[in-house]
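Please follow the chain through its sheet, its helices and its nonpolar cores, with the structure open alongside the text.

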Amino acid sequence: MKVLVVEDSETMRKLIVRCVGQAGVQDAKVLEAADGMQALAVVAHHGSSIRLILCDMDMPNADGLSLLRSLSGSAELRHIPFVIVTADQSDETAARAVREGAADVIRKPFQPEVIADLVRKTCSPGDGLPDGEGDLG
């Protein structure tokens, strides 16, 4: 089970990775990317084995919504739950992300347990879903 963390701030990326680890999901592997372009390369290599994407909104080279749009165009990848993690506190930004296909929006600062709960809900082996078909709803 793989979780992709896409975040340009190394400090924040490491924090999110640690939160994913706190979920305690057996066989969890965290993949990392510093921007949307790196994330596309990671997704090209790992494909639908990724169960969850946690992605910053504002990044250089390709932002979170650009990455989301790219993945939504692929029948193989559009089912992967894509969660925006953003410092933007506006409801408009969150609504836009959901309209464009984000499964959820988590606002920074967040409590580590928010990420851990999300990972457990989406990626636990007992979720009854085929590999690669997590559900946040």
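In this predicted model, Thr86 finds its bridge partner in β5, where Arg107 takes that role. The two strands concerned, β4 (residues 82-86) and β5 (residues 104-107), run parallel and are joined by 4 bridges. Between them the chain passes through helix α4 (residues 91-99), and the resulting β-α-β crossover from β4 to β5 is right-handed.

This pair belongs to an open sheet of 5 strands, arranged in the order β2-β1-β3-β4-β5 with parallel pairing. Because β2 (29-33) and β5 each have a single partner strand, they stand at the edges, and one side of each is left without a neighbour in the sheet. From one strand to the next, the twist averages 20°.

At the β2 edge, the partner is strand β1 (residues 2-6), which pairs with β2 in the parallel sense over 5 bridges; within this pairing, Leu4 has Leu31 of β2 as its bridge partner. Helix α1 (residues 10-22) packs on the sheet, where it touches β1, β2, β3 (50-56) and β4, and its direction makes about 165° with that of β2.

The nonpolar interior can be taken next. The largest nonpolar core holds 24 residues, and those touching the most other members are Leu4, Val6, Ile53, Phe82 and Ile84. At least two residues of this core come from each of β1, β2, α2 (36-46), β3, α3, β4 and α4, with α3 giving the most, namely 4 residues. A second core, separate from this one, has 21 residues, among them Met1, Ile16, Leu54 and Ile106.

Phe82 merits a closer look. Apart from its neighbours within four places in sequence, Phe82 is in contact with Ile53, Cys55, Gly64, Leu67, Leu68 and Leu71, and also with Ala102, Ala103 and Asp104.

One of these contacts, Gly64, lies in helix α3 (residues 64-72). Is Gly64 buried or exposed? Its relative accessibility is 0%, and since buried means under 20%, Gly64 counts as buried. When residues up to four places away in sequence are not counted, Gly64 touches Cys55, Asp56, Met57 and Met59, together with Phe82 and Ile84. His45, by contrast, is 19 residues from Gly64 in sequence, and the C-alpha atoms of the two residues are 19 Å apart in space.

Notes:
Residues numbered from 1 in each chain as written. Predicted model: local features only at pLDDT ≥ 70, side-chain atom pairs only at ≥ 80, totals over all residues. Heavy atoms only, no water. Pairing = 2+ DSSP bridges. Right-handed = clockwise from strand over helix to strand, strands pointing away. Buried < 20%, exposed > 50% of the residue type's maximum accessible area, 1.4 Å probe, protein only. Contact = heavy atoms within 4.5 Å. Axes fitted to C-alpha atoms, helices over the stretch in contact; angles between N-to-C directions. Core = buried A, V, L, I, M, F, W, Y, C linked by side-chain atoms within 4.5 Å.
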